[in-house]
Amino acid sequence: MAKKPVKKQEVETTGHEWDGIQEYNNPLPRWWLWTTYLTIIWGIGYIIAYPAIPLINGATPGLLGYSSRAEVAADIAEIEAQNAPLTARIIELELTEISSDELVGGEADGFAYNGGRAVFQTFCAQCHGAGANGSKGYPSLIDDDWLWGGSIEEIYTTISHGIRHETDLDTRISEMPAFGEFLSKEEIVGIVDYVGSLSSINGAVATEEHEMLFLDNCAACHADDGTGDRFAGAPNLTDAIWLYGSDSATLIDTVTYARAGVMPAWSGRLSESQIRQAAVYIHSLGGGE
Ligand code: HEC
Ligand code: HEC
């Protein structure tokens, strides 16, 4: 590499030198310096005027008393005040009257329906799916197959008190026993064949012996003909809708270990009006009775 001759400089150096490289001592440009001073003054002014320095519980409030949280709270309070007559109306009405009420009803564009949809998307969709179509273990809420009942009152009760939600005294409760403890593997396979034959799945053929086992062990909750019982939350075993699955392995698992789906109770967590709106929304989805 050809060495360039170093030009002699008039500028002062700091006196530092590394391997022949010297550090100049140029003054900072004036405009730069003044901009820096200005930002410092601005910063101090901001700290005094607005919330700024974090403390253990929040931040220094600032002389202007501004708070983004208070602003949101005020907006929410304003909207709640606007809606107060509507929420009061929803609580006042019979559940069955809400959808046809002039003030809050009118499916798909009514206040109750829209509110219910917002509640659903916020609190329910994670389990029941954004379209309420459910998934394994989480029932679809858009069909007319109901575990616990599809009238608006029944839906309201389910939402308020949940299902097997132990801390709610009025929760819906029932427990399918784990039959692995009472029945042999062969008996369980036989019963599963019988269950399959009820809805003609898996090409299952059942014997009279298996039918007897079903009547002795299962009919108390699932009914003699297997169509289920809403009082016990026991699903219909004769249709094509399955909460956990209808292949033999899943059915054997279900009967051996039992299932006990849990749905949270919402009274106390949502307002009475919100629960009623959610019930109106679910009831309108297509399966409502
Ligand atoms: C943590 C999951 C979870 C969340 C959140 C949840 N659910 Fe459920 N829900 C369930 C499960 C599980 C069942 C079925 C319980 C069973 O097996 O009996 C259920 C059942 C239901 C049923 C009864 C269906 C029937 O066939 O009878 C309704 C109605 C319902 N949920 C509505 C809602 C609403 C409305 C919300 C929101 C406010 C909600 N759920 C939030 C898990 C959830
Ligand atoms: C004490 C009442 C009770 C008895 C007795 C009972 N079940 Fe159940 N069964 C239920 C309930 C409640 C559920 C729903 C569990 C849930 O939602 O998590 C259920 C669910 C099922 C399911 C799941 C259905 C699906 O859609 O995935 C099958 C299959 C089933 N039971 C078969 C049987 C068979 C077979 C017997 C007899 C050996 C039996 N049950 C006895 C209450 C009972």
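In the predicted model, ligand 1 is surrounded by 27 residues, of which C124, C127, L147, G261 and M263 come nearest. The helices α3 (111-128), α4 and α9 are the elements that give two or more residues to this shell, and the largest share, 7 residues, is supplied by α3. When the shell around ligand 1 is sorted by class, 20 of its residues are nonpolar and 7 are polar, while no charged residues are present.

Two of the helices that contribute to the surroundings of ligand 1, α4 and α9, also pack against one another. Helix α4 spans residues 152-161 and helix α9 spans residues 272-283, and their axes come within 9 Å and cross at roughly 130°. Because angles from 65 to 115 degrees count as roughly perpendicular and those over 145 as roughly antiparallel, α4 is described as oblique to α9. The crossing of this pair is right-handed. On the α4 side the contact is made by I152, I155, Y156, I159 and S160, and these residues are met on the α9 side by I275, R276, A278, A279, I282 and H283. The residues of the contact of α4 with α9 comprise 8 that are nonpolar, 2 that are polar and 1 that is charged.

Ligand 2 likewise has 27 residues around it, and M176, C218, C221, Y244 and G261 are the closest of them. Two or more residues of this shell are given by each of the elements α5 (185-198), α7 (219-222) and α8 (248-257). The class division of the shell around ligand 2 is 19 nonpolar, 6 polar and 2 charged residues. G261 is thus listed among the nearest residues of ligand 1 and is also listed among the closest residues of ligand 2.

Helices α5 and α8, both of which give residues to the shell around ligand 2, pack at an angle of about 120°, with a separation of 10 Å between their axes. That angle makes α5 oblique to α8, and the crossing in which α5 passes α8 is right-handed. In this contact I188, V189, I191, V192 and V195 of α5 meet S248, L251, I252, V255 and T256 of α8. The participating residues divide into 8 nonpolar and 2 polar, with no charged residue among them.

A further contact of α5 is formed with helix α6 (residues 208-217), where the two helices pack at an angle of about 95° and their axes lie 8 Å apart; α5 is therefore roughly perpendicular to α6. Here E187, G190, I191, D193 and Y194 of α5 are in contact with E209, H210, E211, L213 and F214 of α6. By class, the contact of α5 with α6 contains 4 nonpolar, 2 polar and 4 charged residues. I191 of α5 takes part in the contact with α6, and I191 is also listed in the contact with α8.

Apart from these helical contacts, a pairing of strands is found at residues 13-18, which form strand β1, and residues 21-24, which form strand β2; the two strands run in the antiparallel sense and are joined over 3 bridges. Within this pairing, E17 has Q22 of β2 as its bridge partner. The strands β1 and β2 form a hairpin with 2 residues between them, and D19, which lies in the turn, has a positive phi of about 45°.

Conventions
Residues numbered from 1 in each chain as written. Chains lettered and ligands numbered in written order. Predicted model: local features only at pLDDT ≥ 70, side-chain atom pairs only at ≥ 80, totals over all residues. Axes fitted to C-alpha atoms, helices over the stretch in contact; angles between N-to-C directions. Helix = DSSP H or I, 4+ residues; strand = E, 2+ residues; numbered from the N terminus. Parallel < 35°, antiparallel > 145°, perpendicular 65-115°, else oblique. Left-handed = near helix turned anticlockwise from the far one by under 90°. Contact = placed C-beta atoms within 7 Å. Nonpolar A, V, L, I, M, F, W, Y, C, P; charged D, E, K, R; others polar. Near = placed C-beta within 6 Å. Pairing = 2+ DSSP bridges.
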